[in-house]
Amino acid sequence: MTVTAFRSSVFHCLSDPGSFSNDEAVEYLDDGLLIVNDGIVEVLGNASDLMPGLSKNIEHVDLRGKLIVPGFVDCHVHYPQVDIIASYGEQLLDWLNKYAYPVEKKFADPAHAQAVAEFFADELLRNGTTTALVFATVHPTSVDAIFEAAKKRNMRLISGKVLMDRNCPEDLSDTAESAYSESKSLIEKWHGDGRLSYAITPRFAVTSTDEQLAAAGRLASEYPDVYVHTHLAENTQEVDLISQQFPDSRSYLDVYDQNNLVRDRSVFAHCLHLDHQDRNIMAAKNASIAFCPSSNLFLGSGLFDLQAARDSSIRTGIGSDVGGGTSLNQLRTLSEAYKVLQLQGQSLPAYAAFYLATLGGAEALSLDDKIGNFERGKEADFIVLDSGTASITRRRIASTDDVAEKLFALMMLGDDRAVCATYLAGKEAWSI
Ligand code: GUN
Ligand code: ZN
């Protein structure tokens with residue numbers, strides 16, 4: 001048994017600050033003690049209350065002056081696209097043809113997949129992301145590579161083989177049958193292995209035939225606790241294509257729904273062009289949304305209506321969507337989210353923003369019984385934040401004692417330099 005006490009300021013969310021008062025929704029301890037027993041949170045409290053009763057044998061990590069928050073959750077990201085981040089000048093469909101598909105072809109080589117997966121996993125940790133829902137490529141070995149990299153580091157990670165059997169390069173195409181059989185083998189191999197889970201991953205309905213979507217739906221019914229992960233209603237040209245390809249479906253969401261792909265543990269990235277009925281169906285079926293602000297701005301896709309998602313009670317987390325997104329860092333992603341909402345007359349106070357990146361993401365991934373905050377019994381995935389080396393950030397944060405104001409400055413100005421250390425299940429996985 002290993003017991004460690006981390007002493008620091010600590011912030012976490014207990015529920016959604018958008019729906020509950022701050023007193024109920026968040027907890028801040030200026031001089032807190034987080035006690036971790038074999039990777040699991042035993043207790044969080046004020047150092048002054050807990051120190052006197054502590055056994056002399058437990059290890060102490062003194063992080064006073066810094067801030068511990070739960071590890072960030074990235075609800076939508078493509079690991080094979082790290083090498084095309086910041087590629088100039090196109091919107092979604094042209095961007096896929098010009099940049100995404102060519103780089104994904106390289107994953108036919110398992111050695112390439114392994115090298116990129118290793119880099120990606122390290123970058124997530126360096127940026128404070130401890131859990132992610134990740135697109136691989138169509139190649140089963142690309143899934144092996146990312147799961148192996150995550151397992152080696154003890155990260156919580158969900159991934160799956162991309163399914164696409166039309167409107168894509170031939171050498172990235174599978175079939176309805178191979179999509180089914182390869183995904184099934186990967187589920188049997190990886191789902192539930194330690195902290196790993198599998199996601200059935202049709203790329204988007206544009207690149208799947210009816211037969212392939214039906215095969216994905218069949219697999220989903222056979223494995224109710226596996227995830228479904230895809231893109232939905234990101235770009236208006238894409239939405240137009242869907243209505244041509246699926247004239248019998250009421251909406252883009254309906255294409256997935258008709259194939260049994262809208263359910264608990266279905267995570268839809270983007271969701272910019274939905275109507276009221278779509279949102280009601282998503283809510284009724286317990287599906288989740290990944291809000292991807294930096295990608296939506298970079299690819300010129302549109303502005304996500306967070307208020308509408310909230311009003312419909314759809315669980316929503318935040319996704320970097322690299323390589324359409326421009327940063328793996330969730331502080332950067334939150335700052336883009338703030339601006340997207342400002343443009344629509346909506347707000348994103350700091351507490352609500354940190355909720356999106358932590359407990360809200362955990363809820364969107366149905367993992368809030370395991371991660372997302374420091375309730376007793378949860379896995380101790382957390383990060384240590386500082387105001388970083390950028391002097392304007394340090395100066396701005398030093399100028400206030402108000403926690404919400406400090407967190408807001410951190411999310412608007414901070415980046416990877418604000419993350420001093422990342423802990424997975426109570427063990428240091430990365431530090432400066
Ligand atoms: N829609 C289908 N594939 C992709 C992708 O790789 N990135 C984004 N942003 N949208 C997609
Ligand atoms: Zn994406």
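In this predicted model, Lys105 is partly exposed, with a relative accessible area of 34%. The side chain of Lys105 meets that of Asp171 in a salt bridge, at 3.6 Å from N to O. Lys105 belongs to helix H3, while Asp171 sits in the loop between strand S8 (162-163) and helix H6 (176-190), so the pair ties together parts that are 66 residues apart in sequence.

Helix H3 takes part in another such contact. Glu104 and Arg203 form a salt bridge through their side chains, with 2.8 Å from N to O. Because Glu104 lies in helix H3 (residues 92-105) and Arg203 in the loop between strand S9 (196-202) and H7, this pair ties together parts that are 99 residues apart in sequence. Glu104 is buried, at a relative accessible area of 0%, and Arg203 is buried too, at 2%.

Helix H6 also contributes a charged partner. Glu182 forms a salt bridge with Lys161, and their closest N and O atoms are 3.2 Å apart. Glu182 is in helix H6 and Lys161 in the loop between strand S7 (156-160) and S8, so parts 21 residues apart in sequence are tied together. Here the two partners can be set side by side: Glu182 is partly exposed, with a relative accessible area of 27%, whereas Lys161 counts as buried at 0% relative accessibility. Elsewhere, Glu118, Asp122, Lys152 and Arg153 are linked in a network of salt bridges. Over the whole structure, the search finds 29 salt bridges.

Attention now turns to the metal. The zinc ion (ligand 2) has as its protein donors His76 (NE2), His78 (NE2), His231 (NE2) and Asp321 (OD), which lie 2.0 to 2.3 Å from the ion. Angles among the four donor atoms run from 89 to 170°, and the site of this zinc ion is irregular; four donors count as tetrahedral if all angles lie between 85 and 135 degrees. Along the sequence, the donor residues of the zinc ion (ligand 2) follow the spacing H-x1-H-x152-H-x89-D. His76 and His78 are both buried.

Aromatic contacts come next, and the count comes to 14 aromatic pairs. One of them joins Phe11 and Tyr351, which are stacked, at 5.3 Å centre to centre and 25° between the planes. Phe11 lies in strand S1 (residues 3-13) and Tyr351 in helix H14, so the pair ties together parts that are 340 residues apart in sequence. Phe11 and Tyr351 are both buried. For Phe72 and Phe354, the ring centres are 6.4 Å apart and the planes stand at 50°, so this pair is tilted. Phe72 in strand S5 (residues 72-78) and Phe354 in helix H14 are 282 residues apart, and their pair links distant parts of the chain. Phe72 counts as buried at 0% relative accessibility, and Phe354 is likewise buried, with a relative accessible area of 1%. In addition, Phe6, Phe374, Phe382 and Tyr423 form one aromatic cluster.

Two further places round out the picture. Ala215 is found in helix H7 (residues 210-222) and is buried, with a relative accessible area of 4%. Between Ala215 and Tyr180 there are 5.9 Å in space, C-alpha to C-alpha, although the two are 35 residues apart in sequence. On the surface, Leu297, Leu303 and Leu343 form a nonpolar patch, with about 260 Å² of accessible area together. Leu343 lies in the loop between helix H13 (330-342) and helix H14 (350-357), and is exposed, with a relative accessible area of 62%.

Note on methods. Residues numbered from 1 in each chain as written. Chains lettered and ligands numbered in written order. Predicted model: local features only at pLDDT ≥ 70, side-chain atom pairs only at ≥ 80, totals over all residues. Heavy atoms only, no water. Patch = residues over 30% accessible without salt bridge, like charges linked within 9 Å, V, L, I, M, F, W, Y side chains within 5 Å. Areas by Shrake-Rupley, 256 points an atom, 1.4 Å probe, with all protein chains shown as cover. Salt bridge = Lys/Arg side-chain N within 4 Å of Asp/Glu carboxyl O. Helix = DSSP H or I, 4+ residues; strand = E, 2+ residues; numbered from the N terminus. Buried < 20%, exposed > 50% of the residue type's maximum accessible area, 1.4 Å probe, protein only. Donors = N, O, S within 2.8 Å, 3.2 Å for Na, K, Ca; no water. Tetrahedral: all angles 85-135°; square planar, octahedral: opposite > 155°, others 65-115°. Phe/Tyr/Trp six-rings, centres within 6.5 Å; stacked < 30°, edge-to-face > 60°.
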